Amino acid sequence: MLQIVGERWRQFKFDLTRKWALAADKDGVDDIVCEKYGISKEKWTQFCQTRRDPSWEDVRKKAQASQKQNTAPHVLSRGGYEYLDEKLMAEKTKRRLEEAAQSGSTGSIIDPPSPIRRHVK
């Protein structure tokens, strides 16, 4: 439950930053945000100052660069660990068959692959 609350809080701060804090130079933005979200003027100006600070901008750019490198934002698909095991075993079997075909020993019996090691998952 607390994890969900933390995620929502970070998403709220992200939305405030993206939609309002970085565009707060426009006229009337401060009043709209304070009225819409019930934030005091002092808290809002403090929030905007932290978001416009060059050190925070460096942290933001670093986080964006590392997030851009993330090719798999999820841990597993709907199949769970059982499906992952089957998928990895199928890949190992396919790789062994391809290696056997390249070496020309297609007539021999190919041993089944060993189970997937824990750290591969």
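Start by selecting helix 1 and helix 4 (54–68): each supplies at least two residues of the lining of the largest pocket. Keep in mind that this is a predicted model. Helix 4 gives the largest share of that lining, 6 residues.

Now show the whole pocket. Its volume is about 410 Å³. Select Arg10, Lys13, Phe14, Thr17, Arg18, Arg51, Trp56, Val59, Arg60, Ala63, Gln64 and Gln67 to see the lining of the largest pocket. Colour these residues by class: 5 are charged, 4 nonpolar and 3 polar.

Next, keep helix 1 (residues 2–20) and add helix 3 (residues 41–52). Their axes come within 11 Å and cross at roughly 80°. Angles of 65 to 115 degrees count as roughly perpendicular, and helix 1 and helix 3 are therefore roughly perpendicular to each other. Show side chains at the contact. On helix 1, pick Lys13, Leu16, Thr17 and Trp20; on helix 3, they meet Trp44, Phe47 and Arg51. This contact has 4 nonpolar, 2 charged and 1 polar residues.

Last stop: hide helix 3 and select helix 2 (residues 29–37) beside helix 1. Here the axes come within 12 Å, with a crossing of roughly 155°. That makes helix 1 roughly antiparallel to helix 2. The crossing of helix 1 and helix 2 is right-handed. Select Phe12, Leu16 and Trp20 in helix 1, then find Val29, Ile32, Val33, Lys36 and Tyr37, which they meet in helix 2. Colour by class again: the contact of helix 1 with helix 2 has 7 nonpolar residues, 1 charged and no polar.

Technical notes: Residues numbered from 1 in each chain as written. Predicted model: local features only at pLDDT ≥ 70, side-chain atom pairs only at ≥ 80, totals over all residues. Heavy atoms only, no water. Axes fitted to C-alpha atoms, helices over the stretch in contact; angles between N-to-C directions. Helix = DSSP H or I, 4+ residues; strand = E, 2+ residues; numbered from the N terminus. Parallel < 35°, antiparallel > 145°, perpendicular 65-115°, else oblique. Contact = heavy atoms within 4.5 Å. Nonpolar A, V, L, I, M, F, W, Y, C, P; charged D, E, K, R; others polar. Left-handed = near helix turned anticlockwise from the far one by under 90°. 1 Å grid on protein atoms, 1.4 Å probe; cavity = no way out; pocket = protein on both sides within 12 Å on 5 of 7 lines; lining within 4 Å. Points joined across faces, edges and corners; volume = space filled by probe spheres on them.
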